[in-house]
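Got a few minutes to go through a structure together? Ask how each label was earned, and let's see whether the answers hold up.

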Amino acid sequence: VQLVESGGGLVQAGGSLTLSCGASENILDFNTIGWYRQAPGKQRELVATIQRGSTNYADSIKGRFTISRDIFKNTVLLQMNSLKSEDTAIYYCTAKLQVNVEGALVDIWGQGTQVTVSS
């Protein structure tokens with residue numbers, strides 16, 4: 001199973017970017033799918049996820065970022081508006097996939113895409 005991110009780049013503060021995550025598996029098969037990010041010198045942190053249709057957002061991005069699924073394109077999108085310099089990070093697509101009837105989950109990660117917000 002593979003996740004491939006795209007859409008990162010350089011943007012000025014206040015601007016917008018849309019990240020896309022394509023999956024080799026049907027995205028509806030994942031227990032959870034979403035985005036994490038890691039800034040230089042910091043730990044990886046949750047940005048936004050979708051679990052069984054319910055969304056979850058980090059407080060730092062609520063009201064500015066929106067996560068959604070494009071079923072027809074089999075992708076997960078992260079629309080990022082009003083970007084700030086502190087949003088600069090590598091953004092990773094991640095998913096949890098159930099692998100047996102007991103409910104065991106495995107974590108799958110993409111390679112990441114760089115987002116740089118200039119002030």
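What follows is a short back-and-forth on a predicted model.

Reader: Let's start with the overall picture. What does the secondary structure of the protein chain come to?

Author: Zero helices and 11 strands. From the N terminus on, it's β after β, right through to the end.

Reader: What makes the protein chain as compact as a globular protein of that length?

Author: Its radius of gyration is 14 Å, and the globule rule gives 14 Å for 119 residues, so the chain is as compact as a globular protein of that length. The C-alpha trace spans about 50 × 30 × 25 Å along its principal axes, and 42% of the 119 residues count as buried.

Reader: Why are β1 and β7 said to stand at the edges?

Author: Look at the order of the open sheet, which is β1-β3-β8-β7 with antiparallel pairing. β1 (3-6) and β7 (65-70) each have a single partner strand, so one side of each is left without a neighbour in the sheet. Neighbouring strands here are turned by 20° against each other on average, direction ignored.

Reader: How do you know that β3 and β8 are joined?

Author: Two strands pair if there are at least two bridges between them. Strand β3 (residues 17-23) and strand β8 (residues 75-80) have six, and they run antiparallel. If you want one spot to look at, Cys 21 stands opposite Val 76 in β8.

Reader: And what makes β5 and β6 a hairpin?

Author: Four bridges join β5 (residues 45-51) to β6 (residues 54-57), antiparallel again, against the cut-off of at least two. Thr 49, for instance, has Asn 56 in β6 as its bridge partner. Two residues sit between the strands, and Arg 52 in the turn has a positive phi of about 50°.

Reader: Why is the contact between Asp 87 and Arg 37 called a salt bridge?

Author: The side chains meet at 2.9 Å, N to O, and the cut-off is within 4 Å. Asp 87 lies in the loop between β8 and β9 (89-98) and Arg 37 in strand β4 (residues 32-38), so the pair ties together parts that are 50 residues apart in sequence.

Reader: Which other partner does Asp 87 meet in a salt bridge?

Author: Arg 64, at 2.7 Å, N to O. Arg 64 lies in the loop between β6 and β7, so this pair ties together parts that are 23 residues apart in sequence. Sharing of partners joins Arg 37, Glu 45, Arg 64 and Asp 87 into one network.

Reader: How do you know whether Arg 64 and Asp 87 are buried or exposed?

Author: Buried means under 20% relative accessible area. Arg 64 comes in at 10%, so it counts as buried. Asp 87 is at 0%, so it does too.

Reader: What about Asp 59: buried or exposed?

Author: Exposed means over 50%, and Asp 59 has 66%, so that's what it is. Asp 59 still forms a salt bridge, with Lys 62, the closest N and O atoms being 3.2 Å apart. The whole structure has five salt bridges.

Reader: Last one: what makes the nonpolar surface patch?

Author: Leu 28, Ile 71 and Phe 72 make it, at about 370 Å². Patch residues need over 30% relative accessible area, and Ile 71 has 42%, so it clears that bar while being called partly exposed. You'll find Ile 71 in the loop between β7 and β8.

Notes. Residues numbered from 1 in each chain as written. Predicted model: local features only at pLDDT ≥ 70, side-chain atom pairs only at ≥ 80, totals over all residues. Heavy atoms only, no water. Axes fitted to C-alpha atoms, helices over the stretch in contact; angles between N-to-C directions. Patch = residues over 30% accessible without salt bridge, like charges linked within 9 Å, V, L, I, M, F, W, Y side chains within 5 Å. Areas by Shrake-Rupley, 256 points an atom, 1.4 Å probe, with all protein chains shown as cover. Buried < 20%, exposed > 50% of the residue type's maximum accessible area, 1.4 Å probe, protein only. Rg over C-alpha atoms; globule rule 2.2 N^0.38 Å.
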